[in-house]
Structures are given as C-alpha cells and as structure tokens.
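Good morning, and thank you for making time for this presentation. Please have the sequence and the structure open while I speak.

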Amino acid sequence: AMTEPDSSRSRPQGAYDVFLSFSGEDTRKTFTDHLYTALVQAGIHTFRDDDELPRGEEISDHLLKAIRESKISIVVFSKGYASSRWCLNELVEILKCRKKKTGQIALPIFYDIDPSDVRKQTGSFAEAFVKHEERSNEKVKEWREALEEAGNLSGWNLKDMANGHEAKFIQKIIKDVLTKLDPKYLHVPKHLVGIDPLTHNIFHFLSTATDDVRIVGLHGMPGIGKTTLAKVVFNQLCYDCEYGFEGSSFLLNVKEKSEPNDLVLLQQQLLHDILTQNAEKINDVDRGKVLIKERLWRKRVLIVVDDVDHLHQLNALMGERSWFGPGSRVIITTRDERLLLEADQRYQVQELYPDESLQLFCHHAFRDTKPAKDYVELSNDVVEYCGGLPLALEVLGSCLFGKNQGRWESVIDRLRKFPNHEIQKKLRISFDTLDEPTLKNTFLDIACFFIGRKKEYVAKVLEGRYGYNQEDDLGTLIERSLIKVDDSRTISMHDLLQAMGREIVKEESPQNPAQRSRIWCQEDAWKVLKMQMGTEAVKGLTLDVTRSEDKSLSTRSFTNMKDLKLLQINGVDLTGSFERLSKMLTWICWLECPLVFLPSDFTLDHVVFIDMKYSNMRELWKEEK
C-alpha cells in the first residue's frame with residue numbers, strides 16, 4: 001500500500017519549532033544564547049531550558065513534551081556535552097522521535113568539537129565516558145549508540161562552515177532552519193482509491209538516483225484526478241525520497257494564467273519557492289526564462305507544473321532540461337497529451353474500476369467504505385452512472401449524503417432521464433438537485449464571475465445581491481463539492497463544473513448573449529456594450545479591457561439593462577450621463593478606472609461593494625463648491 005501522504009503531519013497547537021539541547025556549563029551564556037536570540041528574532045518558536053540549577057539524571061515531563069512536540073531539535077555538541085547525563089538522555093529521546101517518522105528533524109551543531117569525537121567518543125568525550133563507566137551506569141551503551149548516530153547526521157561544523165565566525169555561522173543556521181520549517185508537503189484527501197499502482201510507478205521512476213533530468217507527464221480528462229495524483233507523488237518525493245532536493249515548487253492551475261503578466265508571476269513564484277528568498281524582480285517573460293536558467297541550472301529541484309493547456313506556458317517555466325541541475329525531477333499535468341512530447345514517461349490517468357468507484361462514492365455518500373444496508377443497489381446504480389469519474393462520484397456522493405431512501409430513488413430516477421454520458425450532463429445533476437433557486441443563482445454567479453476570489457469578498461457581494469447572509473449557501477455549495485475554499489480562503493471550482501454552470505446560462509438564450517442573465521465572455525460583453533444591445537434580462541456582466549487598445553464605451557450601452565446588479569468594467573473609459581446605469585447595482589468592480597471622481601449623477605443606493613483598485617480616483621464625489 002502507498003505511504004499515507006503526510007498531510008497529517010500536524011503538531012499540537014502551541015508546539016515548538018525548535019528544541020535546543022546544549023551543555024549549560026559550556027555554552028548557555030555564549031553561543032547558545034546568541035543562537036537562541038537569533039532564532040527568536042527570526043520568528044522561530046524555540047524551546048530553551050533556562051534552568052541553571054543542578055539537574056538529575058531523568059528528564060522532566062515538560063522537557064519530554066517539548067522534545068516530542070518540536071519540529072526540529074538542534075543539538076549543540078561542545079566539549080562538555082558528554083559529561084552531562086541529562087544531555088545524553090535528551091539526545092536519546094531526540095533520536096527516538098526522529099525514528100518515529102513524524103517528520104521531526106535532528107540537527108547537530110559541532111561547536112568546539114570534531115564530529116569524529118562525537119561519533120567515536122574520543123577526546124573530551126572519552127574522558128566523560130571513563131567517569132560514566134566508573135559509576136556503572138546501565139545507560140552507557142545507549143548513550144554511545146546515540147552519539148555514534150548523531151555524529152553521522154548531516155549538520156553544521158563551526159570550523160568548516162564559517163572559519164570560526166560565530167555570527168556568520170548562526171545566520172547560516174537560521175536560514176537552514178527556516179527552509180526546513182517551510183511546509184512543502186501539500187494537502188491531499190485522506191481517502192484516496194485507485195491511485196496506488198500509478199503513484200508507485202511514477203515514484204519509482206522519479207526517485208531512482210540518477211543525474212539526468214527526468215520529466216513525467218500526466219494526462220487525461222478533466223476531473224479524473226491528475227492534480228491529486230501529482231500532489232501525492234510530490235509529497236512522497238519531498239519526504240520519502242532517499243536523496244533530497246535543494247528546492248521544490250508546485251505551480252497549481254497554470255491554465256488560468258496565460259497572459260504575459262500571469263506567466264511572469266508564475267516565474268517569480270517558481271524562483272521564490274526554490275530559492276526561499278525574494279527573487280529578483282522580473283519585468284517580462286523572456287527575462288524570467290534567463291533568470292530561471294541562471295539561478296537553477298546547478299540545483300537539484302522538484303517541480304510540478306499543474307494543468308497546462310498551452311505550450312507557451314511550459315516554455316516560460318521550463319524551456320529546456322538544461323535549466324535545472326542534475327538529478328532534477330519535473331511533473332506536468334495536462335488535458336492535452338500533445339504538450340508532453342518532451343516527457344520521458346507519459347501516463348494516462350484512467351477511470352476508476354467499479355469496486356474503486358464504489359469505495360470512493362461510499363466515502364462521500366456514507367462516510368464509510370461500503371454502502372449502508374438497503375442502499376447497495378441504489379449505490380451501484382449511481383456508481384454505474386458516474387462511469388468511474390472521480391469528480392462525478394464525489395459530487396453525487398456529497399449530494400446524496402444524509403438523504404433517505406425515498407430521496408435517493410428520486411435522484412436516481414432523475415438520472416435515468418438523462419442517458420447522455422457526457423461529463424457536463426452528469427455534472428448538471430449536481431446543479432439540478434440544489435433545493436433553493438437562490439442556491440442555484442449563487443452557484444451560477446460564482447461560476448461566471450467569482451472563481452479565484454476570496455470567500456469573504458464573494459459572500460459580501462452576494463449578500464448585497466440577494467439580501468441575506470451567504471455563509472450557509474456557500475457552506476452548502478462546499479458540502480456538495482460544487483465549490484472549494486482553500487487554505488488561503490480562495491474560492492475555486494473544477495473547470496467542468498464551471499463549464500457546466502456557464503452552459504446552463506447559455507441555454508437561457510443560445511444565440512443572443514444580450515438575453516442571458518449573465519455575460520462573462522469578453523467577446524460577448526464587448527459586443528453587447530459596444531452595439532448597445534443590453535436588455536433587462538442581464539443581471540451581471542464582466543468586462544476587462546485593461547490590456548486592450550479600445551477602452552471607450554458610452555453609458556448609453558447600459559440604458560436598457562435596468563436590472564443589472566453585478567458589474568465589472570476593468571479599464572473601461574466610460575463617457576456620458578451615469579444616470580443611464582442601473583439603479584439596482586450592488587457590486588461595482590472598476591479596476592484601473594480613469595475617472596478622478598465619480599459623477600454626481602451616478603446612483604449608488606443599493607451598492608454594497610465597490611472595488612476600484614489601481615484607479616486614478618482621488619475621491620468618490622467631487623465636493624460641491
């Protein structure tokens with residue numbers, strides 16, 4: 001079985017980043033004090049035992065707790081370290097924690113002693129052990145084994161690293177600790193099915209210690225699990241690979257970032273992730289290519305480029321293998337197999353087998369691995385309908401969770417009336433089963449206008465649109481797997497669900513976008529406004545001309561959109577009487593607005609959210625003289 005991805009590597013609240021183990025007599029008021037101060041100043045939550053009183057042989061409970069709950073234990077080896085039975089017992093406990101595979105790291109510092117003296121217990125350590133053995137201490141063997149193990153660990157040697165300059169030495173330690181504390185692993189669901197064989201093959205190919213740059217490509221239909229698979233392999237390579245990487249980066253949802261400015265941001269993210277410092281500012285894509293090659297060609301890196309849909313995106317981020325150092329590994333996920341011609345191995349992610357589909361469906365529908373009694377046949381009917389597509393299994397399973405048998409039969413009966421196996425029509429069921437009209441409208445608004453926005457932003461805008469708190473509606477959409485909210489509180493939606501939602505709106509008027517409730521397509525929005533085709537049917541419209549030559553529009557374009565509530569016109573130069581704009585507007589997003597102030601005839605009675613960043617606006621209204 002595949003190793004559980006370490007999304008579960010969480011420490012108790014209040015746990016320490018670093019535990020310091022040191023000989024108080026040697027370094028408490030010198031090196032260790034300087035190191036502790038630097039760690040704290042860097043924002044690293046550090047435990048240091050400040051007790052200067054003589055200590056017994058057994059470690060106190062609060063020290064044991066601090067060791068076990070710390071991410072990193074730094075052991076400062078000095079000449080007197082081995083003389084302290086307390087220090088030796090701390091070291092034994094630190095190494096025990098390291099072996100538990102909970103992600104804890106032990107880092108030795110060889111302050112004024114050679115690593116070989118620690119490893120072989122020679123020099124001052126030999127003298128210390130003569131005294132320990134004279135006392136017939138039963139722990140001597142355990143202490144020796146711990147010192148031998150610690151002496152072989154990768155750490156820092158003051159003499160080798162900074163020519164004896166403590167300040168420089170400590171700064172290098174701080175940088176290394178900050179890098180190790182940065183959580184590179186990515187969250188993946190705990191209940192994954194059907195991916196073990198494929199992840200094993202990919203991991204085996206990429207984890208083999210070779211100096212060539214290896215590229216793996218994952219392709220398949222949307223919603224099939226390419227990104228999840230890439231995250232699992234990324235986590236395994238970060239934490240279970242025999243040889244480490246000097247940096248890693250996971251670039252998510254690249255398909256949404258096709259414009260030059262977006263690609264520049266991706267290039268900067270790639271360099272920042274790997275170099276763990278503010279990279280040089282990139283002014284254009286070509287300069288970014290040069291910087292990536294210059295900064296990374298000697299580094300062994302791990303990179304995932306997720307959901308690519310154009311070759312120019314790959315060229316901007318990884319034009320040639322020579323951009324990355326020997327032993328580097330790259331994973332690309334895409335819906336288009338043609339973008340993987342340079343990959344060493346290509347894997348098509350297939351649909352789940354029926355038994356795997358049932359297991360995944362049951363997790364979402366029953367929070368169990370098998371169907372509840374009396375639901376076996378019903379579950380098999382739904383699984384058969386989903387055709388092994390993980391996204392459909394997740395959506396329909398979440399939709400049926402908690403419903404009684406009668407409601408299940410109703411949903412399945414509805415499914416039978418839609419025999420078409422196209423993905424969008426399968427996903428359409430998740431929309432049709434939303435109970436309230438406002439829930440459906442909230443979903444459509446998000447699908448058309450608010451992907452990539454912060455949840456709080458969207459909630460406030462939609463509260464103004466519908467007149468009530470949106471927390472429950474958004475919560476319902478999350479529960480039914482129609483939208484997701486990530487750790488940064490950003491709303492996302494699978495592109496198939498988004499396409500399904502937009503298709504629903506198109507069906508309102510297949511030929512005439514001016515008769516649809518929402519206009520999001522830039523071409524449609526420009527045509528409707530430029531030709532003044534607007535109607536009362538339009539409730540929301542978004543247009544971005546910040547990168548266009550023609551930005552001019554007349555307010556006459558809005559004359560007939562009397563029920564318009566959501567409006568985004570980024571970069572538009574709007575002229576004419578603002579009285580023509582809808583009096584029902586609740587959200588105005590006008591980035592790069594050229595106006596210095598809003599005209600006094602602009603009615604904002606119902607507006608609850610105005611977003612006018614990067615504008616020339618000095619004041620909302622010009623003061624009357």
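Which residues are linked with Glu 149 in a network of salt bridges? They are Arg 98 and Lys 99, which together with Glu 149 make up that network. I should state at the outset that the model is predicted.

Let me stay with the charged side chains. The count comes to 23 salt bridges. One of them joins the side chains of Asp 33 and Arg 48, with 2.9 Å from N to O. Asp 33 belongs to helix 2, residues 31-41, while Arg 48 sits in the loop between strand 2 (46-47) and helix 3 (61-68), so this pair ties together parts that are 15 residues apart in sequence. How accessible are the two partners? Asp 33 has a relative accessible area of 27% and is therefore partly exposed. Arg 48, at 17%, counts as buried, because the cut-off for that class is under 20%.

A second pair shows a similar division to inspect. The side chains of Arg 214 and Asp 212 meet in a salt bridge at 3.2 Å, N to O. Arg 214 is buried, with 13% relative accessibility, whereas Asp 212 is partly exposed at 36%. A further salt bridge links Arg 516 and Asp 524 at 3.7 Å, N to O. Here Arg 516 is buried, at 7% relative accessibility.

I turn now to the sheets, beginning with the one that contains strand 2. An open sheet of 5 strands has the order 2-1-3-4-5, and its pairing is parallel. Strand 2 and strand 5 (156-157) are the edge strands, each pairing on one side only. Inside this order, strand 1, residues 18-22, and strand 3, residues 72-77, pair in the parallel sense over 5 bridges. If you wish to find the register, Leu 20 stands opposite Ile 74 in strand 3.

The next element is strand 9. Is strand 9, residues 329-334, enclosed or open? In this strand 6 of the 6 residues are buried, so strand 9 is largely enclosed by the rest of the structure. Arg 329, Ile 331 and Thr 333 point one way, and Val 330, Ile 332 and Thr 334 point the other way; all are buried.

Which strands pair with strand 9? Strand 6, residues 214-219, pairs with strand 9 in the parallel sense over 6 bridges. Within that pairing, Val 216 is opposite Ile 331 of strand 9. Strand 8, residues 301-308, also runs parallel to strand 9, and 5 bridges join the two. Val 308 has Thr 334 in strand 9 as its bridge partner. Between strand 8 and strand 9 the chain passes through helix 14, residues 311-318, and this β-α-β crossover is right-handed.

From strand 9 we can move to the nonpolar interior. As a general point, nonpolar side chains in soluble globular proteins tend to be buried together. The largest nonpolar core has 76 residues, and those that touch the most other members are Ile 202, Leu 218, Phe 361, Trp 408, Phe 443 and Ile 446. Helix 20, residues 437-450, gives the most to this core, with 8 residues.

Leu 218 deserves a separate look. Leaving aside neighbours within four places in sequence, Leu 218 is in contact with several residues of strand 9, among them Ile 331, Ile 332, Thr 333 and Thr 334. The contacts of Leu 218 also include Ile 202, Leu 229, Leu 340, Tyr 347 and Val 349.

A word on the cysteines. How many disulfides does the count give? The count comes to 0 disulfides. Two cysteines can be placed by their accessibility: Cys 87 is buried at 1%, and Cys 97 is buried at 3%.

I close with a loop residue, Asn 560. Asn 560 is placed in the loop between strand 15 (552-554) and strand 16 (566-570), and its relative accessible area of 41% makes it partly exposed. Leaving aside neighbours within four places in sequence, Asn 560 is in contact with Gly 534, Thr 535 and Glu 536. Asn 560 and Ser 582, which are 22 residues apart in sequence, are 8.4 Å apart in space, C-alpha to C-alpha.

Thank you. I would be glad to take questions.

Technical notes:
Residues numbered from 1 in each chain as written. Predicted model: local features only at pLDDT ≥ 70, side-chain atom pairs only at ≥ 80, totals over all residues. Heavy atoms only, no water. Salt bridge = Lys/Arg side-chain N within 4 Å of Asp/Glu carboxyl O. Helix = DSSP H or I, 4+ residues; strand = E, 2+ residues; numbered from the N terminus. Buried < 20%, exposed > 50% of the residue type's maximum accessible area, 1.4 Å probe, protein only. Pairing = 2+ DSSP bridges. Right-handed = clockwise from strand over helix to strand, strands pointing away. Contact = heavy atoms within 4.5 Å. Disulfide = S-S within 2.5 Å. Core = buried A, V, L, I, M, F, W, Y, C linked by side-chain atoms within 4.5 Å.
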